[in-house]
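Reader: I'm new to this one and would like a close look at a single part, the place where the ligand sits. Could you walk me through it and then through what lies around it?

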Amino acid sequence: MFSSKEEFKKTFTDRIESKGTEKSLELAHEILWEMTNDWIQESWKRTNQLYEENHEKQLYYISIEFLIGRVLGQNLINLNFYNLVKEGLDELGIELSEIEELEIEPGLGNGGLGRLAACFMDSLASLELPGHGYGLRYRGGLFTQHFVNGNQTEQPTNWIKDKNNVDTRREDLAVDIPYYGEVQLVMGLDGMRTKIENPEWVKAVPYDIPIVGANGGTVNTLRLWQAEVSNRSSSVGKEYAVYERETAHITDRLYPDDSLETGKILRLKQQYLLCSASLQNIISNHKSSLEKLPESIAIQINDTHPALAVPELMRILIDDFSWDWERAWDVTTRTISYTNHTILEEAMEKWDSHLIQSLLPRIFLIIEEIDRRFKESLQNQGKDDETLRKLSIIEDGVIKMAVLAVVGSYRVNGVAKLHTEILKKREMKELNEQFPNKFHNKTNGITHRRWLIKANQELSGLVTEAIGSQWMKEPERLSELHYFSQNQSFLQNFQEIKSLKKEQLIHHLQRDQNIIVDPSSIFDIHIKRFHGYKRQLMNILHIQMLYDRIKRDSTYRPYPRTFFFGGKAAPSYHFAKQVIKMINTVATKVNNDPLARQHLHIVFVENYNVTQAEYLIPAADVSEQISTASKEASGTGNMKFMMNGALTIGTFDGANVEIFEQVGQENAFVFGMRAEQVMDYEKNHSYNPKEIIESDVEIEKLMEELVKGDWTEGKANADFIVGQLLHEGDPYFVLKDLQSYAKAHEKILDAYENPIKWAEMGVENIAASGIFSSDRTIQQYSDDVWHLTKVPSIY
Ligand code: CR6
């Protein structure tokens, strides 16, 4: 882009002048955006040329979510221009961080799954691997959260602007998607063919986002589809205005509320649009014989939302290319692989057959045929009825998308060792027995380029000073920091950086939410989606216990702690919303109590998103990873905190288990039941929270206060929380683990008394975090599943 700061400044100011408009931060943003983009475009073109010339195998990662976060700063980091631009702008009296603040992050995801997809995109490009994403371009990203009287409110987030969008429309690549209609057999030149008569066509238009890898050499593509009216649909069977409105709706929102049938249809429309448009695009780009598809491309379906890719690829091969079933099935099942991200029953996607049958009649017939043939082969193997039932794709009029995805894939993976074990031994036991070599583990990862190099440039600089810069390319070399955990001056610098990151967070919160935080307190941070199993409720109950202890016992005067919460609840998830309300109520009580507030402070950060995470994580002392064991498939926030030197308080769940394995339990605060215990309780229905209440005076007292309404505003909130813990049987074992959690917190206080020791533990965490870089994850997927070849950029 420019070889020196002076050159950058000159180009920048020349461009500003040439606009001839009034100088403003917005203008500076526009120019910097254009300059960066010019550079990226060239690299992007070059990458695509290389891929085409060398006929490299391409990976396509299909995902309903891509939570990419802000783009400009990350691109500058990956292009190695960040510091040069920052200094150049400084000299011109402009703060780069203020320019960055103007960017609205595209909230095209909910949480971990979407952020994982974004980290994977970054790692693919940085490892110079040909891997691209396919997703949807939701007009409104994930809602913006505000609190009104402590309750979550949701406003649409409009991230698409008039100009300087992160994506570029590719009208030339638009494809049409058929919904509804009737399946007809027609006579073609090569025999009978299937055709859909009178469908409702919708046009899918792609918008491309460049994914800039480290050093800017490789630029891959994230392609997002937007639904629009199609000119093939002039004679839709409904009023045109209705058709127009319904079409615009398809890519309006991420995860439309599916409690009603209209919402379900909308979700199905989204999923099919994503799969069909992506596959049509992939196949039309495919130049060699389709027999070679599995050798020249790999398709990864991220969770079951894109599982319709299986029947859709079958449809294309059979209907559009006149292949017979066996040949199509062979190619399909050697091309597609699937990642499972959950074992929660309620999160396993199931669709009523009649919905798919009416919306996607041809796809339905193909799913039926896949199921029929699969069952037939099972019967031939002499499987019993129970196994047959568990393995069926269609059961009692319901299509089980996870089973479809497993049957239609050549490899299936879980996202952490424990999760994969649970899948293999319990949730998908029969499938694993049926396909013994299909299942494998790929523990999630996070890109250290965003979560350390960008979010914590100060710490990143310190690490480089100590061990050189090679760790940026090979993050596992962070282990060399181990030797610095005994180096006093390194530890001191680490502490200073932690304080600085706390100050930056405080400044940010003060500006955004007018919150004042004590920088010398312990920053204990619990940020993630609100969900029962993530147990924000346990965290807030523990704070109530601490409050009670402070009030009751005049000798109990613990070191000041600030408990941060951040996260959104799904708009229709009542439980999560009640917990949010409760935390806000407890916060008001605790923060306004003259005695308690000297020791405890609760901060609920509004509208938690990727940008907020970049402020919060580097400032953390303590990382809360307290899910009920067995429930969190992996977690990825846990890795981000660790990489920034925070200490984890956590259960043996998801990737926590591997984090503890890497860093050693002496450098973390482990508590609570193991997955086995939880699952046994569940199986035998043998957990009774009343027994805990009756045998523990402290918890008993807490429950009495809850019942009285001391911790809630309004009876409804109190009744709900008490109802969950008592009458609903405390499904997430909050009371069961509460005392063990409290003890782990006491250990945190003990450890914090020795700041040098604390810093030492923090450094050990950073040193052990390299393996959690998504570069490692992606390399493993590539080696075991996709078999991609590195395409060194010629830049
Ligand atoms: N909610 C898992 O729950 C995991 C991510 C990414 C989740 C979480 O533990 O880290 O996926 N699952 O693998 C789903 O979204 C279904 C998540 O983000």
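Author: Start with the shell around the ligand: domain 1 (55–70 + 105–441 + 779–786) and domain 2 (448–673 + 740–772) both give residues to it, so the shell lies between them. Keep in mind as you look that this is a predicted model. There are 16 residues around the ligand, and G112, L113, H341, A633 and S634 come nearest. Sort the shell by class and you get five nonpolar, nine polar and two charged residues.

Now step back to the two domains themselves. The domain assignment of the protein chain is what gives domain 1 and domain 2. Their centres, taken over C-alpha atoms, are 35 Å apart. Where they touch, domain 1 puts in 34 residues and domain 2 puts in 29 residues. On the domain 1 side, helix 6 (112–126), strand 3 (140–148), strand 4 (151–158) and helix 16 (417–427) each bring at least two residues to the contact. Helix 6 has the largest share of that side, with five residues. By class, the side of domain 1 that touches domain 2 holds ten nonpolar, 17 polar and seven charged residues.

The ligand shell isn't the end of what the domains share. Look at the largest nonpolar core, which has 218 residues; L273, A309, I367, L404 and L616 touch the most other members. Domain 1 and domain 2 both give residues to this core, so the core lies between them. Pick out L404 if you want to see some of that packing: leaving aside residues up to four places away in sequence, L404 touches A307, V310, I367, I393 and I399.

For a closer look at a piece of domain 1, try strand 1 (residues 58–62). Five of its five residues are buried, so to speak of strand 1 as mostly covered is fair by the cut-off of 20 or more other C-beta atoms within 10 Å. Turn strand 1 around and you'll find both faces covered: Q58, Y60 and I62 are buried on one side, L59 and Y61 on the other. Strand 1 also has partners. With strand 11 (residues 297–302), strand 1 pairs in the parallel sense over five bridges, and Q58 stands opposite I297 there. Strand 2 (residues 131–136) runs parallel to strand 1 too, and four bridges join them. In strand 2, G133 is the bridge partner of Y61.

Last, two backbone oddities. Most residues other than glycine have a negative phi. S630 isn't a glycine, yet has a positive phi of about 95 degrees. You'll find S630 in the loop between strand 21 (622–625) and helix 24 (637–643). Is S630 buried or exposed? With 25 other C-beta atoms within 10 Å, S630 is buried. F733 is the other case, a residue that is not a glycine but has a positive phi of about 60 degrees. F733 belongs to the loop between helix 29 (715–727) and helix 30 (734–752). F733 counts as buried because 25 C-beta neighbours lie inside 10 Å.

Key. Residues are numbered from 1 along each chain as its sequence is written. This is a predicted model: local features need pLDDT of at least 70, side-chain atom pairs count only at pLDDT 80 or more; totals for chains, interfaces and linings use all residues. A nonpolar core is a set of buried Ala, Val, Leu, Ile, Met, Phe, Trp, Tyr and Cys residues joined through C-beta atoms within 7 Å. A residue is buried if 20 or more other C-beta atoms lie within 10 Å of its own, exposed if 12 or fewer, and partly exposed in between; C-beta atoms are placed from the backbone. Domain bounds come from an automatic or database domain assignment. Two residues are in contact if their C-beta atoms, placed from the backbone, lie within 7 Å. Two strands pair if DSSP finds at least two bridges between them. Ala, Val, Leu, Ile, Met, Phe, Trp, Tyr, Cys and Pro count as nonpolar, Asp, Glu, Lys and Arg as charged, and the others, Gly among them, as polar. A residue is near a molecule or strand if its C-beta atom, placed from the backbone, lies within 6 Å of it.
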